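Dear colleague,

I am handing over the structure below, and I would be grateful if you could look through it alongside the notes that follow.

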Amino acid sequence: MKNKKGFTLIELLCVIAILAIVTTIASASIVNLSNKSKENLYCAKLEMIESAAKTYAVGYEYELNNSNTFYDGYKSLVITINDLVKSGALSPDKDDNVLSPINNETMNNMSIILYLKNNQVYVHINDANNVC
């Protein structure tokens, strides 16, 4: 009797099918993990913007106290992220633009509402992505 070495065609096809399934599952997990990471970076960036907006509000306390604009019944001041960059309260990412980690688009025109509540400054960011 001859001793045949090697694999049959069916064995090879089964191994290839198993590898294809594992690769598909792994790549889907990696994409999901990447998207979740971008969302976490975006939320962290919004927190940084909120902190910069509170710093900005200190310099514009007079305007905020004498504002005729109201948000939820409290005196408010509407600014943009571009205002924070121009004032130096926030550092831009590239070419005077603050970029979104989710889609790499500029966030400079995003509205920020500063409002006084019980003599304390609060910040509301109009987040179009509703991620955080």
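Of the 132 residues in the chain, 25% count as buried, where buried means under 20% relative accessible area, exposed means over 50%, and partly exposed covers what lies in between, with a 1.4 Å probe and protein chains only. Please keep in mind that this is a predicted model, in which local features need pLDDT of at least 70 and side-chain atom pairs count only at pLDDT 80 or more, while totals for chains, interfaces and linings use all residues. Residues are numbered from 1 along each chain as its sequence is written, and side-chain values use heavy atoms, with hydrogens and water left out.

The secondary structure comes to 3 helices and 4 strands, and along the sequence these follow the pattern α-α-β-β-α-β-β; helices (H or I, at least four residues) and strands (E, at least two) are DSSP runs, numbered from the N terminus. The chain is more spread out than a compact globule, because its radius of gyration is 26 Å, well over the 14 Å that the globule rule gives for 132 residues. That radius is taken over C-alpha atoms, and the rule is 2.2 Å times the number of residues to the power 0.38. Along its principal axes, the C-alpha trace spans about 100 × 30 × 20 Å.

On the surface, the accessible area of the chain comes to about 9,600 Å², and 55% of this belongs to carbon and sulfur atoms; the areas come from the Shrake-Rupley method with a 1.4 Å probe, and for residues only the protein chains shown count as cover. There are 11 positive and 13 negative side chains, and the centres of the two sets lie 17 Å apart. Here Lys and Arg count as positive and Asp and Glu as negative, with His and the chain ends not counted, and the place of a charge is taken as NZ of Lys, CZ of Arg, CG of Asp or CD of Glu.

Turning to the interior, the largest nonpolar core has 22 residues, and those with the most contacts inside it include Ile-49, Ile-81, Met-107 and Leu-114. Such a core is a set of buried Ala, Val, Leu, Ile, Met, Phe, Trp, Tyr and Cys residues joined through side-chain atoms within 4.5 Å. At least two residues of this core come from each of helix H1 (9–59), strand E2 (74–80), helix H3 (81–87), strand E3 (111–117) and strand E4 (120–125), and the largest share, 7 residues, is supplied by H1. Not counting residues up to four places away in sequence, Met-107 touches Tyr-42, Lys-45, Leu-46, Ile-49, Ile-81, Val-98, Leu-99 and Ser-100, a contact being heavy atoms within 4.5 Å. Among the contacts in the chain with a separation of 6 or more, 64% are accounted for by residues 24 or more positions apart.

Leu-64, in helix H2 (residues 61–65), is buried, with a relative accessible area of 2%. Leaving aside residues up to four places away in sequence, Leu-64 touches several others, including Lys-75, Leu-77, Leu-114 and Val-121. Leu-64 and Val-78 are 14 residues apart along the chain, and their C-alpha atoms are separated by 9.5 Å.

Other residues lie more in the open. Lys-5, in the segment before H1, is exposed at a relative accessible area of 79%, and its C-alpha atom is separated by 48 Å from that of Lys-36, which is 31 residues away along the chain. Ala-17 lies in helix H1 and is partly exposed, at 39%; from Ala-17 to Ser-111, 94 residues apart in sequence, the C-alpha to C-alpha distance is 51 Å.

Finally, the loop between H3 and E3 holds Asp-96 as well as Asn-104. Phi of Asp-96 is near 60°, a positive value in a residue other than glycine, and Asn-104, although not a glycine, has a positive phi of about 60°. Asp-96 counts as exposed at 52% relative accessibility, and Asn-104 is exposed with a relative accessible area of 59%.

With best regards
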